[in-house]
Amino acid sequence: MKIDLHTHSNASDGGLSPSQLVTLAQSCGVGLLALTDHDTVNGLEEAEDAAAKAGITFVPGIEVSTLWRGITIHVVGLGIRHRDGVMRRIFESVGEKRIRRGVEIGRRFEALGYPGAYEGALRYSSSPESLGRVHFARWLVREGIVRNQQEAFDRFLRDDGPAFVQAVWPSIARAVEVIGSCGGIAVLAHPGRYRCRPGKSLEELLVDFRAAGGRAIEVSSGSQSADSDRLLAAIAREEGYWASLGSDFHNLGGSRPRPGGERPLPEGLEPVWKHIPGLPALDWDRA
């Protein structure tokens, strides 16, 4: 039985509806699944209901965009309360920020000689409030401007790219606080993806994450390298972090693995799912 605690639907920047995502996860042998859309909980009820019908143990989640020393850092929240509406109200303003950022990214592309980017990206998004960089990447691929989404990020959309627009996201401490206030566990998402720079190293990020109350890190991720997995496993053992894992699946045409297709956790780690509130007392150790 497979575990995937980091996936996306079209409630944010994924290609499948929440129920379609659950169906795919079931076909891939996933028994424990979290939906962690970017800065929204709008897909959780649909996914939770579909998972119950599919016999999948479901973990309601979210992936919160934060700003740390000028870098966008993602913090996953696992096991959050979402049906009471508190989390949805907290993130209403984030949708407004995404709209403003999307319009500005479109202006950047027009200045670079690529008009129609904003309208084109919207065709791949469920709403202007959920518009993200990956939607612009899909438009670039469709228009033949780049060969694939990775090239779109490398040429235009990376954090220091010519079309990048920095949104004013909350701090890591605020994200951890919000996740905890809704009953969840904060997980530093795919730490192996963040570029180390002077004064902005992975070690410094982990110090600040721990100081904010973070207890878990994503050791195995479909969006980071196997070398990063091994490094993070060593850090988790030494520093006592709970270990999470996830495919970071977005769509069937992407380069990341399908749900449950990420590398398994290495030995000697404390799995985060043992600490997620409300999970049944099942033995997931060998998943």
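This briefing covers one helix and its surroundings, one helix–helix contact and a group of aromatic rings. The model is predicted. Helix α9 (residues 202–211) has buried residues on one side, while helices α6 and α7 pack at an angle of about 110°. Phe109, Tyr114, Phe136, Trp139 and Phe156 form one aromatic cluster.

**Helix α9 and its surroundings**

- Leu202, Leu205, Leu206 and Phe209 are the buried residues of helix α9. Because these residues cover an arc of only 95° around the axis, they lie on the same side of α9.
- Glu203, Val207 and Ala211 are exposed on the other side of α9.
- The packing partners of the buried residues of α9 include three strands, β3 (57–68), β4 (71–78) and β5 (185–188). Strand β6 (216–221) and the helices α8 (172–181) and α10 (226–239) also pack against these buried residues.
- Glycine 213 follows α9 and has a positive phi, near 105°.

**The contact of α6 with α7**

- Two packed helices are described by the angle between their axes and the distance between the axes.
- For helix α6 (residues 133–142) and helix α7 (residues 149–157), the angle is about 110° and the axes are 9 Å apart. Angles of 65 to 115 degrees count as roughly perpendicular, so α6 is roughly perpendicular to α7.
- From α6, the contact involves Arg133, Val134, Phe136, Ala137, Arg138, Leu140 and Val141. From α7, Gln149, Ala152, Phe153, Phe156 and Leu157 take part.
- By residue class, the contact of α6 with α7 comprises 9 nonpolar, 1 polar and 2 charged residues.

**Aromatic pairs and the cluster**

- Across the whole structure, a search finds 4 aromatic pairs.
- One of them joins phenylalanine 109 and tryptophan 139 in an edge-to-face arrangement, 6.4 Å centre to centre with 65° between the planes. Phenylalanine 109 lies in helix α4 (residues 92–111) and tryptophan 139 in helix α6, so this pair ties together parts that are 30 residues apart in sequence.
- Phenylalanine 109 counts as buried because its relative accessibility is 0%. Tryptophan 139 also counts as buried, at 5% relative accessibility.
- Phenylalanine 109 also forms a tilted pair with phenylalanine 156, with 5.4 Å centre to centre and 55° between the planes. Phenylalanine 156 lies in helix α7, so the pair with phenylalanine 109 of α4 ties together parts that are 47 residues apart in sequence.
- Both phenylalanine 109 and phenylalanine 156 are buried.
- Phe136 and Phe156 are members of the aromatic cluster, and both residues are also among those making the contact of α6 with α7.

Notes: Residues numbered from 1 in each chain as written. Predicted model: local features only at pLDDT ≥ 70, side-chain atom pairs only at ≥ 80, totals over all residues. Heavy atoms only, no water. Buried < 20%, exposed > 50% of the residue type's maximum accessible area, 1.4 Å probe, protein only. Helix = DSSP H or I, 4+ residues; strand = E, 2+ residues; numbered from the N terminus. Arc of directions from axis to C-beta. Contact = heavy atoms within 4.5 Å. Axes fitted to C-alpha atoms, helices over the stretch in contact; angles between N-to-C directions. Parallel < 35°, antiparallel > 145°, perpendicular 65-115°, else oblique. Nonpolar A, V, L, I, M, F, W, Y, C, P; charged D, E, K, R; others polar. Phe/Tyr/Trp six-rings, centres within 6.5 Å; stacked < 30°, edge-to-face > 60°.
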